[in-house]
Amino acid sequence: MKKQPYFLIVLGILAVILILSGSSMFVTLQPGERGVIFRKFSGGLDKEHVAQPGFHIIAPWNKMNVYVVREQKSEETMDVLDKSGLSLNIDVSVRFNPEYEKIGYLHEVFGKDYINQLVIPEVRSSVRQVAGRYNAEEIYSTRRKEVEDAIIQETSLILHKNNIQMKALLIRSINLPAKIKTAIESKLQQEQEALAYQFRLDKEKSEAERKRIAADGEAVANKIINSSLTDALLKMRGIEATIKLSESPNAKVVVIGSGKNGMPLILGNN
């Protein structure tokens with residue numbers, strides 16, 4: 001009976017601890033969230049075990065670091081220099097999310113502010129490095145897809161090494177100084193007009209060549225035909241024609257030997 005007050009005191013202390021620390025002991029992770037526990041007295045950050053969505057109970061002296069692992073987006077506008085030192089403005093959009101099972105390692109190095117500490121700086125760095133390998137005209141028009149692919153590849157690689165999965169990166173706009181932009185667009189228009197003119201020339205040349213080949217073929221065919229039309233062959237064809245006429249039921253007047261070279265002469269038919 002004497003021990004009862006002490007029991008009640010201990011129970012009361014435990015109740016107070018539970019009340020004071022209740023919010024930190026019970027953690028609910030929502031869909032699209034993951035957690036990594038920091039154990040203050042037993043091992044520190046538990047990088048290997050990632051808490052899944054649901055209800056979790058942890059010791060009051062430990063801490064659950066909650067991460068949103070849904071896809072996120074960042075839009076960045078930056079001034080960069082091309083390989084000749086010309087300044088241009090590039091607007092990019094990047095979509096990404098932390099690698100689910102690696103958030104412990106991400107938290108250890110960059111913490112919850114990893115977007116500002118890692119993602120944005122690396123995107124900016126990749127854009128500047130790639131832009132520095134091309135001139136303004138290539139970035140703006142002629143090799144834009146190649147520039148974009150290089151930025152995507154280099155950004156994705158560095159983010160993956162730091163436990164971030166990049167889903168997409170798009171160059172939304174490229175802005176040049178007005179005079180440079182006008183000069184490039186004028187040059188591109190002239191190139192297109194030159195290509196169109198060359199296409200017409202090539203087409204006309206092709207048509208002329210086709211006609212020449214056709215004429216040559218027709219001349220050769222006529223030459224072959226003329227060389228084969230001997231007098232004997234013509235007489236034979238004439239006789240064959242006369243025979244066919246004679247077999248016709250229509251009345252005709254045929255004078256034998258009156259035509260050129262003695263061929264039959266058809267005077268008329270009814």
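Here is a conversation about a predicted model and the reasons behind the labels given to its residues.

Student: Let's start with the overall picture. What makes up the chain in terms of helices and strands?
Tutor: The chain holds seven helices and ten strands. Buried residues account for 29% of its 270 residues.

Student: Why are F26 and F55 called a stacked aromatic pair?
Tutor: Two values decide that. The ring centres are 6.0 Å apart, and a pair needs centres within 6.5 Å. The angle between the planes is 10°, and planes under 30 degrees apart count as stacked. Both conditions are met, so F26 and F55 form a stacked pair. The structure holds three aromatic pairs.

Student: What makes the pair of F26 and F55 a tie between separate parts of the sequence?
Tutor: Look at where the two rings sit. F26 belongs to strand β1 (residues 26-29), while F55 belongs to strand β4 (residues 54-57). These parts are 29 residues apart in sequence, so the pair ties them together.

Student: Why is F55 called exposed, but F26 partly exposed?
Tutor: The cut-off for exposed is over 50% relative accessible area, and partly exposed runs from there down to 20%. F55 has 52%, so F55 is exposed. F26 has 39%, so F26 is partly exposed.

Student: What makes F26, F55 and I57 a nonpolar patch on the surface?
Tutor: Patch members need over 30% relative accessible area. F26 has 39%, F55 has 52% and I57 has 57%, so each passes that cut-off. Nonpolar side chains are joined within 5 Å, with residues in salt bridges left out. The patch these three form has about 330 Å² of accessible area together. I57, like F55, is found in strand β4.

Student: How do you know that R34 sits over the ring of Y100?
Tutor: R34 lies over the face of Y100, at 4.7 Å from the ring centre. The distance limit is 6 Å, so this value fits; the charge must also be within 35 degrees of the ring normal.

Student: Why do D46 and R39 count as a salt bridge?
Tutor: Their N to O distance is 3.5 Å, and the limit is 4 Å, so the contact qualifies. By this rule the count comes to twelve salt bridges.

Student: Is D46 buried or exposed, and what about R39?
Tutor: D46 has 16% relative accessibility, and buried means under 20%, so D46 is buried. R39, at 27%, is partly exposed.

Student: How do you know that R143 has salt bridges with E138 and E146?
Tutor: Compare each distance with the 4 Å limit. R143 and E138 meet at 3.2 Å, N to O. For R143 and E146, the closest N and O atoms are 2.5 Å apart. Both values are within the limit, so both are salt bridges.

Student: Which of R143, E138 and E146 is buried, and why?
Tutor: E138 is buried, because its relative accessible area is 14% and the cut-off is under 20%. R143, at 32%, is partly exposed, and so is E146, at 36%.

Student: Which residues are joined into one network by salt bridges that share partners?
Tutor: Those are K73, E75, D91 and R172.

Methods. Residues are numbered from 1 along each chain as its sequence is written. This is a predicted model: local features need pLDDT of at least 70, side-chain atom pairs count only at pLDDT 80 or more; totals for chains, interfaces and linings use all residues. Side-chain values use heavy atoms; hydrogens and water are left out. Rings of Phe, Tyr and Trp (its six-membered ring) pair if their centres lie within 6.5 Å; planes under 30 degrees apart count as stacked, over 60 as edge-to-face and the rest as tilted. Helices (H or I, at least four residues) and strands (E, at least two) are DSSP runs, numbered from the N terminus. Buried means under 20% relative accessible area, exposed over 50%, partly exposed in between (1.4 Å probe, protein chains only). Patches are made of residues with over 30% relative accessible area and no salt bridge: like charges are joined within 9 Å, nonpolar side chains (Val, Leu, Ile, Met, Phe, Trp, Tyr) within 5 Å. Accessible areas come from the Shrake-Rupley method with a 1.4 Å probe; for residues, only the protein chains shown count as cover. A salt bridge is a side-chain nitrogen of Lys or Arg within 4 Å of a carboxyl oxygen of Asp or Glu.
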